[in-house]
Amino acid sequence: MRPGANVRRTLLAAALAVLMVGCGDERPATPALPGTERSDGGDAAADPEVVAGDRAFDAAGVAAAEQLARADGDDAWALPDALQGPMDRLWNERRGAYVSPDGRISTRLNAEMLRIHAAAALTEHDGPARHDDRIAGLVAFLTGPAYLASTDGLRFGDSRHNTVHAPGWRQSDSPTVNQHPSIDATVARALRIAWLARERIGLPERDRQAIRATVVAVASSATFRAPSRLLNQINWNADLYGAAATVGDDPRLLRDDYRQQLAWFAEHAHRPVHAGRTPNLSDGNGFHYRPDVRASDPVDRTDTVEYANVVLGALRYYGQALRAGMRPLRPEQLETLREWATHTVDADWTPSGYLNWETGKGQSRIHLRQYWALALDGAVMALRGGSSIIGRSPAEADLLLSRGVRLFRQWAADADTILLPATTFGFRSSFENVRSNRVTATVRLAATLADWAAGCACDGRLPGPDRSLAPLKVDLDPGFGRLTVNGPRYATAIAPPTSVPTGGGLEPAWILDADAAPLGALGGGGDGSLGLEVSRAGEPLLDTQPGERAPDANLRLRPLPGSADRFAGVVRNGRVRVDVRHRFTRDAIVTRYVIVPGGRVDVALRLPANGRAGTVRCRPVRRHGRPEDVPGCPAGSEYLVHTSSGAEMAVELGGLPAGARVTLHRPAVRSMLPRPGIQATVRFPVRRRTVIERVLRPVDR
């Protein structure tokens, strides 16, 4: 029911004072409240943002990709304008909303489209994304059917994602209600921009009152007032506070509650709320997804890259809050947040515009394009609005967004549509109900672009996404034992086997080329991953990259004294050991193995390719000087790892003993190797201390 000026506010009891149900976590659903009932079905079984198959809609996605390819590369409105073609197929004038061909109305999808249209009006953009005529209808939907003033008499789904609360917004128009704070935040941001554009579009007074009433009611509710929060995801609260300060002309939430949320996050960055639990961040400022669980819980053994950037978005309101009269955070709190932001931006983003994403929330979030877009939004908006707290220029946000857009345009060109598969690289996400979602990532990125264009004072022009000038950034998180390297020619990450299933040991768990194409596995270890295995009489003794086979192995890199780009580790089994040293340059990864065999052993050095057409070839050396010959190739050759995407990596080997040979086979499919290519395995016996050098050089395309 749409509220009037005197909105009915139902304050939920203590059960919702502190939300402890994660965004898609495995905890039980929120208990039903008095006056409500639980039900199976509804949106728990299917993502309402999955647009049902429709030939006209799909054809419009193809046409949109062609339109996007013709647009200027620096035009921030190119994607929002191209998106409008497919979305026009969904517009229902009678219902005042974008409606899937199967009749469902997604609240989040319509909120993001409102953000685009309102930003277009605010900037007086002249293009297909400009739809002033639809703004009032979308506002009416979001402040009417999509809004819950009370939970009385409603039927709620059993989805573990569901966080029942009122006032708030529902996930869709389904009779079975599902909710999540991320939906509230998305709607509030959209209504805020509609409010800012109200005079320009002549928004009716009743819609203005409805925006103010709903946004202020939700932001002021027990669900979002400090100290309530969803785990450590303070960004959803921050979005509500920022919107309420704008539409309600009352800065108290932004001035007081926002400060409390930031201070809480900083105070518990490295000190858990409760003894034996997990702090918000690791020792090296990686992100813990579940601060409510014990430190030994598997979910917090590895960095949750996507959520780190989503939560980082909370910093976008820091400048606005100071202008509204907020007392600055204490110096030590500011320093904690600055160090976290610096780590997150430098370690998590590659110059290609993709996340360095071999690790995340298990297999349920990594490589989901909609979470890539959500993370990009968080990082970009934090860098712009929180530049004073982060200590970075807003221009870095513009460059990051430009690189993300370039990558998306590349994806769209490769797929011949802007309606992209839900995941990149053929990865099979365990988040089952979003596997068919081809829309959300595109709409989210388009909304971020529109939002950015409305505030950039740059006529909607993105900077050039040149990656060649990007510095090499090397970051070791001692808490997780995770090393990230992001440079102009490649990106890689190395994490211990405790990061199941993504980590693996002492080797690059994955390598991306300059265009964000994987050159091998997406993570893990063993067959199909880079690494060196030592065996005796057919029995494996050790592996530099064992992956899931040795989840408790103490395989961690350490920095070498006096160097920012050299790291070492060791793997041993009795008298047998292998010392591993990596050196990272802008162009190559140089690895030195010292094998101490303790008797005769057999060594297998793995060189895998990615993709069904991926293989390992010989190619003449194209650099000055002649390297050592490699098995199976003519003299003066090196190996070339060739992937299905066309990405390539030259491999030079040195120190191989006489009698080395090479075999080829295709590894089995596994979660982090969904499309295995051919793997070359260089095999040789070792009887005494032996030093092998491997040089990996990703090739420019």
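Reader: What share of the 701 residues in the protein is buried?
Author: Buried residues make up 62% of the 701. This is a predicted model. A residue counts as buried when its relative accessible area is under 20%.

Reader: What makes the protein as compact as a globular protein of that length?
Author: Compare two values. The radius of gyration is 26 Å, and the globule rule gives 27 Å for 701 residues. The two are close, so the protein is as compact as a globular protein of that length. Along its principal axes, the C-alpha trace spans about 85 × 55 × 45 Å. The protein has 16 helices and 24 strands.

Reader: Why is Asp 239 called buried?
Author: Its relative accessibility is 4%. The cut-off is under 20%. Asp 239 therefore counts as buried. Asp 239 sits in helix α8, residues 234-247. Leaving aside residues up to four places away in sequence, Asp 239 touches Ala 185, Ala 188, Arg 189, Arg 316 and Tyr 317.

Reader: How do you know that the span of helix α7 agrees with its 15 residues?
Author: Take 1.5 Å times one less than the number of residues. For α7, residues 205-219, that gives an expected 21 Å. The end C-alpha atoms are 21 Å apart, so the span agrees.

Reader: What makes α7 "mostly covered"?
Author: Eleven of its 15 residues are buried. Among them are Asp 207, Arg 208, Ile 211 and Val 218.

Reader: What makes β14 and β19 edge strands?
Author: Start with the sheet. Eight strands form an open sheet in the order β14-β15-β16-β17-β24-β21-β20-β19, with antiparallel pairing. β14 (558-559) and β19 (615-620) each have a single partner strand, so one side of each lacks a neighbour in the sheet.

Reader: How do you know that β19 pairs with β20?
Author: Two strands pair if there are at least two bridges between them. Six bridges join β19 to β20, residues 637-642. The strands therefore count as a pair. They run antiparallel. Thr 615 has His 642 in β20 as its bridge partner.

Reader: Which residues in the largest nonpolar core touch the most other members?
Author: Tyr 258, Tyr 354, Trp 372 and Phe 408, out of 151 residues. Helix α13, residues 369-385, gives this core its largest share, eleven residues. A second, separate core has 44 residues, including Ile 494 and Val 630.

Reader: What does Phe 408 touch?
Author: Not counting residues up to four places away in sequence, its contacts include Leu 68, Leu 79, Trp 372 and Ile 418.

Key:
Residues numbered from 1 in each chain as written. Predicted model: local features only at pLDDT ≥ 70, side-chain atom pairs only at ≥ 80, totals over all residues. Heavy atoms only, no water. Core = buried A, V, L, I, M, F, W, Y, C linked by side-chain atoms within 4.5 Å. Buried < 20%, exposed > 50% of the residue type's maximum accessible area, 1.4 Å probe, protein only. Helix = DSSP H or I, 4+ residues; strand = E, 2+ residues; numbered from the N terminus. Contact = heavy atoms within 4.5 Å. Rg over C-alpha atoms; globule rule 2.2 N^0.38 Å.
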